[in-house]
Amino acid sequence: MIPSHRSYREETPLIAPTTGARAETDAGIRQAEIVVALSRATELAMGQPVDFALRSCVLGVDLARALGMDAEDVRDVFYLALMRYVGCNAETYALAALFGDEIALRRALAPIDLASPAELGPVLLRLIAQANADAPMPQRLWRIVGSLAQSKAVSTDVLTGHCEVAERFGTRLGFKPRIVRNLGQLYARWDGKGIPHGVKGEAISPAVRIVALVQDALTLDDAYGRDRCLATLRRRRGSAYDPRIVDRFVMDADALLHAVEARASWQAVLALEPEPFGRLAAADIDEMLLALADFVDIKSPFTSGHSRAVAELAAEAARRCNLPESDAIALSRAGLVHDLGQAGVATAILVKPGALSEAEWEKVRLHPYHAERILDGLPLFAPLARLVGSHHERGDGSGYHRGLRGDAVPLAAKILAVAEAYQSMIEPRSYRAAMSPAAAAQALQQAVRAGKMDGDAVRSVLAAAGHAVTRARFSQIAGLTPREIEVLRLLAGGQSIKEIARSLGVAPKTADNHLQNLYAKIGVKTRGGATLFALEHGLGAAPGHEK
Ligand SMILES: [Fe+2]
Ligand SMILES: [Fe+2]
């Protein structure tokens with residue numbers, strides 16, 4: 001069987017899907033759009049409120065303009081506010097070992113002055129004590145003392161690692177050196193007591209100084225209200241923050257903060273980017289999605305390279321199923337970003353060797369939902385969102401996060417779920433060793449018999465993974481060519497022959513030939529029969545275009 005222990009965690013099937021990505025429209029995709037998606041993922045990882053990054057972007061850009069900064073500096077602020085924590089998943093393993101839930105740690109640290117032992121000490125002590133609450137005395141005491149002693153050195157190492165990883169991601173995401181440099185200064189302080197150590201005052205980029213202030217201002221305002229927020233900012237004037245920036249912000253704080261509220265949307269934020277906008281070609285998009293895959297897989301030593309492998313397997317399985325190439329592209333992209341929601345699952349949970357508590361499991365169970373929300377609405381990602389949100393659904397309704405059954409899940413989504421399950425099984429996890437490919441294949445076949453997984457999806461994934469699968473067994477759907485599947489989908493969507501011909505850019509006679517061929521192959525004579533066949537086989541819509 002598919003491992004049951006906490007098998008709900010990564011071995012469940014599913015739904016939905018989309019259009020493929022088309023090179024001609026890809027050219028219009030904004031680089032900032034990918035960064036907005038990334039910002040939603042980093043909010044989860046940092047324990048920040050939804051839209052925190054968007055709000056800080058609006059506030060930062062407004063403040064930069066109020067300070068009279070030029071367009072290049074404003075652009076720096078725009079991107080840094082969205083990407084500041086792109087390196088935050090690096091080395092979370094070390095944080096988890098010391099402090100337990102690293103997301104709770106970050107949430108607790110957000111409003112305090114990290115250079116103040118009086119503020120920092122009690123918070124660390126509380127979290128370390130919580131992380132060791134289950135240890136018997138006197139070991140608990142020794143562990144707390146030992147962890148406190150290590151905390152400064154470990155934190156410095158981890159935060160330095162965040163800066164380095166952020167710079168690498170910045171480069172991979174195609175940004176200019178000045179933006180990459182800003183990512184390396186994300187923890188810098190005006191007084192030089194931040195990281196990199198000793199970098200202070202005007203040597204810190206203006207964008208870094210502004211974003212540090214506006215993000216703390218939002219955190220303090222949310223946590224304590226306006227008066228205490230402003231009092232805290234004034235108190236840190238000249239230590240954490242540039243005095244000139246604090247003064248300008250405090251002077252107009254009410255108006256600046258009020259102006260943010262109505263503009264905390266991705267549309268409003270994209271409109272703020274100074275022109276010319278960064279735009280992406282298809283090859284750039286795939287490079288950026290690879291960076292998103294690595295962003296989340298870096299969290300745990302068990303998931304290194306996981307998303308890349310799922311992407312390759314799912315795309316190849318789609319080709320084995322004779323699905324159109326656009327489906328293979330959509331599945332590849334969905335595979336790369338399918339686990340983005342894991343950003344919101346503490347590393348301590350991901351690497352826990354034993355069974356999960358109910359509360360821990362609830363966090364895991366929601367990761368496909370979070371992945372869907374991260375992508376939702378953004379033009380590039382919207383077609384992938386539902387597909388990604390369904391990657392742990394199972395045909396018998398036992399999956400998550402929706403608990404969808406059978407035909408509620410389109411074929412492309414079923415393929416992604418099977419590819420994800422297979423790849424996870426052959427990788428080690430904290431709670432089990434890696435399974436052999438043969439054992440994983442057997443588990444998938446049992447899942448088909450139990451109604452949890454789709455037989456076509458399993459056969460295509462196993463074939464893509466190099467297992468021997470009889471070609472004839474694909475005939476149920478693979479008798480259709482990719483073109484015929486496209487025609488079938490359009491037909492099931494209500495299009496006439498003329499409309500289908502227009503959609504595909506072919507002559508009506510050619511479209512009709514495809515139609516007659518596919519009718520003969522699936523054994524129907526009418527649009528109604530063909531539509532039902534399409535629904536029965538998860539081919540009712542292209543990935544991302546399902547109703
Ligand atoms: Fe996964
Ligand atoms: Fe997952």
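Is Cys321 buried or exposed? Cys321 has a relative accessible area of 0%, so it is buried (buried means under 20% relative accessible area, exposed over 50% and partly exposed in between, with a 1.4 Å probe and protein chains only). Before going further, note that this is a predicted model, where local features need pLDDT of at least 70, side-chain atom pairs count only at pLDDT 80 or more, and totals for chains, interfaces and linings use all residues. Residues are numbered from 1 along each chain as its sequence is written, chains are lettered from A and ligands numbered from 1 in the order in which they are written, and side-chain values use heavy atoms, with hydrogens and water left out.

Let's stay with the cysteines for a moment. Cys229 is also a buried residue, because its relative accessibility is 0%. If a disulfide is a pair of cysteine sulfur atoms within 2.5 Å, the count here comes to 0 disulfides. Cys229 is in no disulfide, and the nearest cysteine sulfur, that of Cys57, sits 19 Å away.

Now for the metals. Around the iron ion (ligand 1) you'll find His306 (NE2), His338 (NE2), Asp339 (OD) and Glu420 (OE), coordinating at 2.0 to 2.3 Å. Donors here are N, O and S atoms within 2.8 Å of the metal (3.2 Å for Na, K and Ca), and water is not among the atoms, so sites may look incomplete. Why is the arrangement around ligand 1 called irregular? The 4 donor atoms subtend angles of 86 to 149°, and that makes it irregular. For reference, four donors count as tetrahedral if all angles lie between 85 and 135 degrees; four count as square planar and six as octahedral if opposite donors are over 155 degrees apart and all others between 65 and 115; anything else is irregular.

Along the chain, the donors of ligand 1 follow the spacing H-x31-H-D-x80-E. The pair His306 and Glu420 links distant parts of the chain: His306 is in helix α16 (residues 306-320) and Glu420 in helix α22 (residues 411-425), 114 residues apart. Helices (H or I, at least four residues) and strands (E, at least two) are DSSP runs, numbered from the N terminus. Both ends of that pair are buried, His306 at 1% relative accessibility and Glu420 with a relative accessible area of 1%.

Asp339 is the bridge to the second metal: it coordinates both iron ions, ligand 1 and ligand 2, which are 3.5 Å apart. At the iron ion (ligand 2), Asp339 (OD) is joined by His367 (NE2), His391 (NE2) and His392 (NE2), at 2.2 Å. This site is irregular too, with angles of 84 to 172° among its 4 donor atoms. The sequence spacing of its donor residues reads D-x27-H-x23-H-H. His367 lies in helix α20 (residues 367-375), while His391 is in the loop between α21 (382-389) and α22, 24 residues apart. His367 is buried, with a relative accessible area of 0%, and His391 is buried at 0% as well.

Zooming out, the protein chain is divided into domain 1 (7-27 + 281-471), domain 2 (33-272) and domain 3 (482-536), with bounds that come from an automatic or database domain assignment. The C-alpha centres of domain 1 and domain 2 lie 31 Å apart. Counting heavy atoms within 4.5 Å as contact, 31 residues of domain 1 touch 28 residues of domain 2.
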